[in-house]
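The following report describes one protein model, moving from individual residues to the chain as a whole. Please read it alongside the sequence and the coordinates.

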Amino acid sequence: MGSTGSEPGAVHLAPTVERSVKVLVVGAYGVGKTTLIGAVSEIPVLSTEETVTTASVGVDPRRGEKSTTTVAMDFGRVTVGGSTALYLFGTPGQKRFWDLWVGLADGAVGALVVVDTRRLEDGFEVLDQLEEHTHLPVAVVVNEFPGAPRHELEAVRTALDLPPGTPVVSGDLRGRRQAVEALKALVAHAVRRAGGSVAA
Ligand SMILES: Nc1nc2c(ncn2[C@@H]2O[C@H](COP(=O)(O)OP(=O)(O)OP(=O)(O)O)[C@@H](O)[C@H]2O)c(=O)[nH]1
Ligand SMILES: [Mg+2]
């Protein structure tokens, strides 16, 4: 367990907050889920990072690029629009932990799917897994890693065979602004899908 990132001065929930919603942040191994939550969270992030071990030899395409991985979940909070607190639950990306997603998704209004254009096919598998086990509304955010191929967002939508109306955005998820925009796109989509019954 460890804690990373926080937005100084905003640890306490603002008095303007009228509603709280749970959001899942999901994606394949190493796409930047923990990074995103650390970038936006107003509270110290609860994380479950462990050193990448030999268990990942042969299954980790990014071995050597990063030294830790999420083994259970990340947890953070960000307030959007002054009145809505998003409680962020980040999933582990390694496939051997994908069974945990169903429990983490329980009660969430939607899932933000982080993808890396260097491994877009992994995003396809993630979307399949979500659809099969959760039926949550999704939005996709392309994490703009340096050197990763830049695709038009419409091309990403087509490649991932996303249902019409699914938001697709992109950004460097180490930055707070773009990560918050992605979360807002998801919540707005979830509200539309629920016919306005999830206020945001
Ligand atoms: N250059 C760049 N690096 C990034 C960006 N986002 C994440 N990273 C780096 O990419 C690596 C993966 O980030 P994580 O946040 O651990 O990814 P994750 O999806 O939580 O990984 P797992 O929990 O292991 O599935 C880290 O070394 C980050 O520093 C980005 O937008 N740009
Ligand atoms: Mg992680």
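Gly27 has its place in strand β2 (residues 19-27), where strands are DSSP runs of E with at least two residues and helices are runs of H or I with at least four, both numbered from the N terminus. At 0% relative accessibility, Gly27 counts as buried; buried means under 20% relative accessible area, exposed means over 50%, and partly exposed lies in between, with a 1.4 Å probe and protein chains only. Leaving aside neighbours within four places in sequence, Gly27 is in contact with Lys33, Thr91, Pro92, Gly93, Trp101, Val114 and Val126, a contact being heavy atoms within 4.5 Å. The C-alpha atoms of Gly27 and Leu112 are separated by 8.2 Å, although these residues are 85 apart along the chain.

This is a predicted model, in which local features need pLDDT of at least 70 and side-chain atom pairs count only at pLDDT 80 or more, while totals for chains, interfaces and linings use all residues. Residues are numbered from 1 along each chain as its sequence is written, chains are lettered from A and ligands numbered from 1 in the order in which they are written, and side-chain values use heavy atoms, with hydrogens and water left out.

Leu186, in helix α5 (residues 176-193), is likewise buried, with a relative accessible area of 0%. Not counting residues up to four places away in sequence, Leu186 touches Val23, Gly110, Ala111, Leu112, Pro137, Val138 and Ala139. Between the C-alpha atoms of Leu186 and Val169, which are 17 residues apart along the chain, the separation is 9.9 Å.

The magnesium ion (ligand 2) has as its protein donors Thr34 (OG1) and Thr70 (OG1), lying 2.1 Å from the ion. Because Thr34 belongs to helix α1 (residues 33-40) and Thr70 to strand β5 (residues 68-70), the pair ties together parts that are 36 residues apart in sequence. Donors are N, O and S atoms within 2.8 Å of the metal (3.2 Å for Na, K and Ca), and water is not among the atoms, so sites may look incomplete. Of the two donor residues, Thr34 is partly exposed, with a relative accessible area of 22%, whereas Thr70 is buried at 6%.

Helix α1 itself has the buried residues Lys33, Leu36, Ile37, Ala39 and Val40. They cover an arc of only 160° around the axis, which puts them on the same side of α1, the arc being that of the directions from the helix axis to the C-beta atoms.

A search of the whole structure finds three aromatic pairs. One of them, formed by Phe75 and Phe89, is edge-to-face, with 5.1 Å centre to centre and 65° between the planes. This pair links distant parts of the chain, with Phe75 in strand β6 (residues 74-80) and Phe89 in strand β7 (residues 84-90), 14 residues apart. Rings of Phe, Tyr and Trp (its six-membered ring) pair if their centres lie within 6.5 Å, and planes under 30 degrees apart count as stacked, over 60 as edge-to-face and the rest as tilted. Phe75 counts as partly exposed at 21% relative accessibility, while Phe89 counts as buried at 17%. Phe75, Tyr87 and Phe89 form one aromatic cluster.

Charged side chains also meet rings. The charged end of Lys95 sits over the ring of Trp98, 5.6 Å from its centre, and that of Arg118 over the ring of Phe145, 4.5 Å from its centre; the criterion is NZ of Lys or CZ of Arg within 6 Å of the ring centre and within 35 degrees of the ring normal.

Two loop residues other than glycine have a positive phi, as tabulated here.

| Residue | Phi | Loop | Relative accessibility |
|---|---|---|---|
| His135 | near 60° | between α3 (120-133) and β9 (138-143) | 60%, exposed |
| Asp161 | near 55° | between α4 (153-159) and β10 (168-171) | 60%, exposed |

Taken as a whole, the chain has five helices and 10 strands, and of its 200 residues 50% count as buried. Among contacts between residues at least 6 apart in sequence, 75% join residues at least 24 apart. The accessible surface of the chain comes to about 9,300 Å², of which 54% belongs to carbon and sulfur atoms; accessible areas come from the Shrake-Rupley method with a 1.4 Å probe, and for residues only the protein chains shown count as cover.
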